[in-house]
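Please look over the sequence and the model below before reading on. The paragraphs that follow lead from one helix to the whole chain, then to the pairing of chains and to the DNA.

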Number of protein chains: 2
Amino acid sequence: MLPPSTRRSLPMALLRAREVIMAHFRPMLARHDITEQQWRVLRVLAETGPLEATELANRASILPPSLTRIIKALDEREFITRNKVKDDGRRALLAISPAGVALIEELAPERTAIYDAIEKRYGAAQHERLLDMLESLIESESAPD
Amino acid sequence: MLPPSTRRSLPMALLRAREVIMAHFRPMLARHDITEQQWRVLRVLAETGPLEATELANRASILPPSLTRIIKALDEREFITRNKVKDDGRRALLAISPAGVALIEELAPERTAIYDAIEKRYGAAQHERLLDMLESLIESESAPD
DNA sequence: AAGATGTAATTCACATGTTAACTAAAAGAG
DNA sequence: CTCTTTTAGTTAACATGTGAATTACATCTT
């Protein structure tokens, strides 16, 4: 097997694909002075409810050092709250605040419209298939060995 | 259309997929004290021949400010050379050096083995289909309206 | 209870991502 | 030929990615 050229390698294709998709969302995020990762953290908390940092990091695919900084920023802007867990001084429960929920809800319509436009251009069926294939790839590669 | 949950959104799936793939390559890159992006730049130069910075940035999917820093690092380690373009004082031709070629060639076998293992787990046909679908997505979304 | 081990989170150091501003050089308009 | 505009590349400022070291706390062991 020849090594793939940079024109057809999986990591490059995944990177570029993510770039063209995120390009549609960046103007919206910039208007609200929030980063892509901060937005991801808020959405996970809004969907899932209060979480501890480790679980939040996993669900948002953010590394612990980054999450520490993001949590600090979101806390200072009062988009989230932190409550220490009783019986374990290390952990804290992170929850989205009403202001955070308001932000998510304010962005929701535009977010939906952007996804709809993508589905329209790419095809809803294709979109579903691509998600399935990506999940399958993640599954096949994240299992040990 | 409901907005996708974080568990099934295209940007998250692309991010996670890229993570699980790159996890296989990071130990190799770390052993040779080279970053993922530096490696990408070297591969593009090795495959394509000398390029100017803008073209190189496009092909490697790296933004100009990052490329400036990466080029500086690769130049200091003498993995690449820079030659000013005659008749245009702004541009410079960037080329991989013999040491750079040697590095790429040293990594090639392991790189191939890693890709083979991925194809074996995920399926070669699936792999090809996924690449096709990603290219199609990139095409459909990068065209201006 | 004291020490060893393990775990959650943070901090550190450095590289890259991202946007905006800036510099230098080239190309175009008058 | 001078002024304006465009283009290539860099610099600046701040946020995140990444791996290693560190801190604070829990748990285990004896």
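A residue is called buried if 20 or more other C-beta atoms lie within 10 Å of its own, exposed if 12 or fewer do, and partly exposed in between, with C-beta atoms placed from the backbone. The model is predicted, and for that reason local features need pLDDT of at least 70 and side-chain atom pairs count only at pLDDT 80 or more, while totals for chains, interfaces and linings use all residues. Residues are numbered from 1 along each chain as its sequence is written, and chains are lettered from A and ligands numbered from 1 in the order in which they are written.

Consider helix H6 (residues 124-142) of chain A, where helices (H or I, at least four residues) and strands (E, at least two) are DSSP runs numbered from the N terminus. The expected span of a helix is 1.5 Å times one less than its number of residues; for the 19 residues of H6(A) this should come to 27 Å, which agrees with the 27 Å between its end C-alpha atoms. Leu130(A), Leu134(A) and Leu137(A) are buried in H6(A). They cover an arc of only 60° around the axis, which puts them on the same side of H6(A), the arc being that of the directions from the helix axis to the C-beta atoms. On the other side of H6(A), the exposed residues are Ala124(A), Ala125(A), Glu128(A), Asp132(A) and Glu139(A). The cover over the buried residues of H6(A) includes helix H1 (10-31), helix H5 (98-122) and helix H6 (124-142) of chain B.

Chain A as a whole has six helices and three strands, which follow the pattern α-α-β-α-α-β-β-α-α along the sequence. Of its 145 residues, 24% are buried.

Chain B enters the picture through the contacts between the chains, where two residues are in contact if their C-beta atoms, placed from the backbone, lie within 7 Å. By this criterion 44 residues of chain A are in contact with 44 residues of chain B. On the side of chain A that touches chain B, H1, H2, H5 and H6 of chain A each give two or more residues, and the largest share, 13 residues, comes from H1(A).

How are the two copies related? When superposed by least squares on the C-alpha atoms of residues with pLDDT of at least 70 in both, chain A can be laid on chain B with an RMSD of 0.0 Å by a turn of 180° and a shift of 0.0 Å along the axis. That is the relation of a two-fold axis. In chain A, the C-alpha nearest this axis belongs to Leu14(A), 2.9 Å away. Since 100% of the interface residues of chain A are also interface residues in chain B, the copies meet through the same surface.

Both chains also border the DNA, where a residue is near a strand if its C-beta atom, placed from the backbone, lies within 6 Å of it. Around DNA strand D there are 24 residues, of which Ser66(A), Gly89(A), Thr54(B), Pro64(B) and Pro65(B) are the closest. The largest share of this surface, five residues, comes from H4(A). Of the 25 residues around DNA strand C, Thr54(A), Pro64(A), Pro65(A), Ser66(B) and Gly89(B) come nearest, and here the largest share, five residues, comes from H4(B).
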